[in-house]
Amino acid sequence: MSDTQLAPVLNRRRFLALLAGSAALACNSRLLIRPVYAAGPFTLPPLPYPEQALSPTISANTVAFHYGKHHQGYVNKLNELVAGTPLAEQSLNGVITATVGKADQAAIFNNAAQVWNHTFYWNSLRPKGGGKPTGALADLIDHSFGGYDPFKAEFTKVATSQFGSGWAWLVKDGDKLTIAKTSNADTPIAHGQKPLLTVDVWEHAYYLDYQNRRADYVAAVLDNLINWEFAAQNLAAAT
Ligand code: MN
C-alpha cells in the first residue's frame, strides 16, 4: 500500500509513457507542445484469496459483486477521470493527497480513495481470521480500550453508528489506538492518520448476506475474518 510498493508499477508506467511519447512525437508534431501521459495507469490489485474463501461470513456472491463490480468500477472511473492529466502520473496515494478537500476534484478523490479503501479492506480480512490478536497488538488494544471485549464493543458501536455509507477503522493515534469512522469515500490516509484495519459498512458490503443487519455483519467479521497479521504489519510500519 505504500508508495514504495507501488514503485515498480510507476516505473513501468513511466516507461510506457515515454514509449507512447516517442511514438506520438514521431507521427504527430502537434503533441510536442504538451507532455504525453499514459492512459489507464491504475489497476485492480488481485484479491488476496478466492472469492468463496470468506464464506459463510461473507458469501462468494457478495465478494464477486463487491470486488468485481464495485472495486473494479472505482478503478475504471478513476482511470477515465485522470486520463491525459498530470494526476495519471501520480501514485494512488499521491492522487488522494493531491485532491482531498478540493471541490472541483471531488470525483477524482472519491474514486481514488475508494480504490485505496477497498484494497485495504480485502487485506483487512482473511479466511479463518478474527478473534483476539496476540503480541504487541494485543497489548496495545488492552492499553487503549481496556481489553479485547471493550475494543469489540466500541468498534461495533462506531461501525453501526456511521450514518449511511462509510467505513469503520482501527487507527494508530500517538501511542494509542482509536476507532474512527469515515463517510462515503473518505479515508484516514487523506488526513495523516495511520489505519491498521478497516471494515466496509456501505450496504453493498453486507446487504446480500445480512440485509439491513449491519451489526450482525460487523460482529461476524470481527469474530471470523479480521486479519490481525495485516494489522500487526501496519502497526509495525507506523511505529
Ligand atoms: Mn465497498
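Let me begin with a short helix, H3, whose buried residues are Leu92, Asn93, Gly94, Val95, Ile96 and Thr99. In the predicted model that we are looking at today, this helix runs over residues 92-99 and is mostly covered, since six of its eight residues are buried. After H3 comes Gly101, a glycine with a positive phi, near 80°.

Now let me step back to the whole protein, which contains nine helices and three strands. If you follow the chain from its start, the order of these elements reads α-α-α-α-α-α-β-β-β-α-α-α. Of the 239 residues in the protein, 46% are buried, and among contacts with a separation of 6 or more, 70% are between residues 24 or more positions apart. The protein exposes about 11700 Å², and carbon and sulfur atoms supply 56% of that area.

Let me turn next to a pair of helices. Two packed helices are described by the angle between their axes and the distance between the axes. For helix H2, residues 60-82, and helix H4, residues 106-124, the angle is about 145° and the axes lie 9 Å apart, with a crossing that is left-handed. Which residues in H2 meet H4? They include Val63, His66, Tyr67 and His71, and on the side of H4 the partners include Ala107, Ile108, Asn111 and His118. Sorted by character, the residues of this contact are 13 nonpolar, six polar and one charged.

Two of the residues just named, His66 and His118, appear again at the metal site, where the manganese ion is coordinated by His66 (NE2), His118 (NE2), Asp200 (OD) and His204 (NE2), at 2.0 to 2.2 Å. Along the sequence, these donor residues follow the spacing H-x51-H-x81-D-x3-H. Because His118 belongs to helix H4 and Asp200 to strand E3, this pair ties together parts that are 82 residues apart in sequence. Are these two residues buried or exposed? His118 has 0% relative accessibility and so counts as buried, and Asp200, at 0% relative accessibility, counts as buried too.

From the metal site I move to the loop between strand E2 (176-183) and strand E3 (194-200), where we find Asp186. With a relative accessible area of 24%, Asp186 is partly exposed, because the range for that label begins where buried, meaning under 20%, ends. Leaving aside residues up to four places away in sequence, Asp186 touches Phe109, Asn117, Trp167, Trp169 and His191. Asp186 and Asn117 are 69 residues apart along the chain, and yet their C-alpha atoms are separated by 8.6 Å.

Finally, I would like to look at the backbone, keeping in mind that most residues other than glycine have a negative phi, and most peptide bonds are trans. In the loop that holds Asp186 there is also Asn184, placed between E2 and E3, and its phi is positive, near 50°. Asn184 is partly exposed, with a relative accessible area of 43%. Where is Lys128 found? Lys128 sits in the loop between H4 and helix H5 (135-145), and its phi is likewise positive, near 55°. At a relative accessible area of 80%, Lys128 is exposed. As for the peptide bonds, the one from Ser55 to Pro56 is cis, with omega near 5°, and Pro56 lies in the loop between helix H1 (3-27) and H2.

Key
Residues numbered from 1 in each chain as written. Predicted model: local features only at pLDDT ≥ 70, side-chain atom pairs only at ≥ 80, totals over all residues. Heavy atoms only, no water. Axes fitted to C-alpha atoms, helices over the stretch in contact; angles between N-to-C directions. Helix = DSSP H or I, 4+ residues; strand = E, 2+ residues; numbered from the N terminus. Left-handed = near helix turned anticlockwise from the far one by under 90°. Contact = heavy atoms within 4.5 Å. Nonpolar A, V, L, I, M, F, W, Y, C, P; charged D, E, K, R; others polar. Buried < 20%, exposed > 50% of the residue type's maximum accessible area, 1.4 Å probe, protein only. Donors = N, O, S within 2.8 Å, 3.2 Å for Na, K, Ca; no water. Areas by Shrake-Rupley, 256 points an atom, 1.4 Å probe, with all protein chains shown as cover.
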